[in-house]
Amino acid sequence: MRAIIIGAGIAGLAAALKLSQLGWDTLILERAPARRSGGYAVTFGGIGHDGAERLGILPDLKAKAFATAELAYHKPSGERRFALDRDTIAATTGPRSLTILRGDLETVLYDKVRDHTEIRFATTLTHIDQDQRTVRVTLTDGTIEEADLLIGADGLHSATRALLFGPEQDFLLDLDHKVAVYMLDRRPAAIAPGTTATLSSKGRTAAVISIGDGRNVAFFGYRAGHARPGEDVATQLGRVYGDLGWVIPETLAGLQRADSVYFDTISQVVAPRWSTGRVVLLGDAAWCVTLFAGYGSSLAVGGADLLGTSLADHPGDIPAALTTWEARLRPEVTAKQKLGRRVKGVYAPANPVVLWLTQLPLRLATLPPVRRYLTRRFIKG
Ligand SMILES: Cc1cc2nc3c(=O)[nH]c(=O)nc-3n(C[C@H](O)[C@H](O)[C@H](O)COP(=O)(O)OP(=O)(O)OC[C@H]3O[C@@H](n4cnc5c(N)ncnc54)[C@H](O)[C@@H]3O)c2cc1C
């Protein structure tokens, strides 16, 4: 059996790993000229943790995971409002969960799969054609590749989805926020190593995450009302966050030295079905639950693992395997998308009273009796 996979992100690499473990021949087409690095911190758990265990990558993920010593909430002036310690953070994320850089998660998958799959960089697809027996994919270099299955794991702005299911605007649900994330080459002196500092003001949030191994992440998320169409990321961040002091000017200056930046709207993908015939969408291309749900990389790995299991359970009947897989996964995706839409309302409140109310549960979590309860309930229990 042979699969062509579009995209060498978390979903594409996890699918290649699972299928190669099942004896499939796999070819990945990646539009970028080389692998990406860095990224942002992701909480990885649930279905992703289960999938990672079955894929045999959990020890490698744990080796690259990091624990935040303190998550401090600040006022725009830099004055500290309150902070969660390591145990409380662990209690709020729960057991069977880890925090890892997106790029490190990708690296773990890449290292496991690189000897078992062919990856063609700077290549994408221009046409898809399928019948009852095979799927043919025309590549940008003009060649045609044939396979039993095509997996579109090419992210939020999926070309596979556009070619087969229709234009992007039919599937994207804009959650009215923008996000910019990049690696910082220097940790602002006010941020202690291994800690995360965050602030929220007038519909804008910013955070600096110190991984503790010398790497640092700058994160900006804000209501789309602050954005102006056509503005580049540096101009937009400078204008939107320009009135804030403390570590913000230093963090904004780091953008000039960053290798790359992730800058996009926060949008969900809502598709009535994820497959047609021998073509299936996987990961953000299919469902993008967004950072508001904090579960996209988990769904990418867990979804890839379950996809392989379903294909193995339906030998010779790919459409049936894809239908069964979707029925198994869709309730969880729907629940996470609902959560993402709820979080949208409270993520970066414009009103200080709403901000105070949204932070209240976190403040309570810092109180010793509540923290003891959370620790008992989630860590020891
Ligand atoms: C700021 C932020 C914080 C997040 N936090 C969390 C979190 O805490 N927990 C969590 O689980 N998830 C989190 N997520 C979500 C998670 O990062 C994504 O859901 C996950 O990375 C999606 O992986 P993917 O492989 O489906 O897509 P992507 O990572 O987008 O990968 C797609 C790949 O396809 C390639 N590609 C694109 N177009 C083409 C094309 N036409 N042809 C060939 N290749 C193509 C791209 O170059 C890329 O390599 C967060 C996301 C963001 C932005």
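Here are three short exercises, with worked solutions, on a predicted model.

**Exercise 1. Find the centre of the nonpolar packing**

Task: Work out which residues have the most contacts inside the largest nonpolar core, and which helix gives the most to this core.

Solution: Start with the core itself, which has 60 residues. Those with the most contacts inside it are Leu61, Leu109, Leu149, Ile151, Trp287, Leu311 and Trp325. Next, look at the helices: α1, residues 10-21, gives the most, with 8 residues. Now zoom in on Leu311, using heavy atoms within 4.5 Å as the contact cut-off. Leaving out residues up to four places away in sequence, Leu311 touches Leu19, Trp24, Leu149, Ile318, Ala321 and Leu322. As background, nonpolar side chains tend to be buried together in soluble globular proteins.

**Exercise 2. Trace the partners of β4**

Task: Find which strands pair with β4, and in which sense, parallel or antiparallel.

Solution: Begin with β4, residues 70-74, where 4 of the 5 residues are buried. One partner is β5 (residues 80-85), joined to β4 by 5 bridges in the antiparallel sense. Here Leu71 stands opposite Leu84. The two strands form a hairpin with 5 residues between them, and Gly78 in the turn has a positive phi of about 105 degrees. Then turn to β13 (residues 195-201), which pairs with β4 in the parallel sense over 5 bridges. In this pairing, Glu70 stands opposite Thr195.

**Exercise 3. Order an open sheet**

Task: Establish the strand order of the open sheet of 3 strands, and name its edge strands.

Solution: The order is β8-β9-β10, with antiparallel pairing. Strands β8 (125-130) and β10 (144-147) each pair on one side only, making them the edges. To check the register, match Ile128 with its bridge partner Val137 in β9.

Note on methods: Residues are numbered from 1 along each chain as its sequence is written. This is a predicted model: local features need pLDDT of at least 70, side-chain atom pairs count only at pLDDT 80 or more; totals for chains, interfaces and linings use all residues. Side-chain values use heavy atoms; hydrogens and water are left out. A nonpolar core is a set of buried Ala, Val, Leu, Ile, Met, Phe, Trp, Tyr and Cys residues joined through side-chain atoms within 4.5 Å. Buried means under 20% relative accessible area, exposed over 50%, partly exposed in between (1.4 Å probe, protein chains only). Two strands pair if DSSP finds at least two bridges between them.
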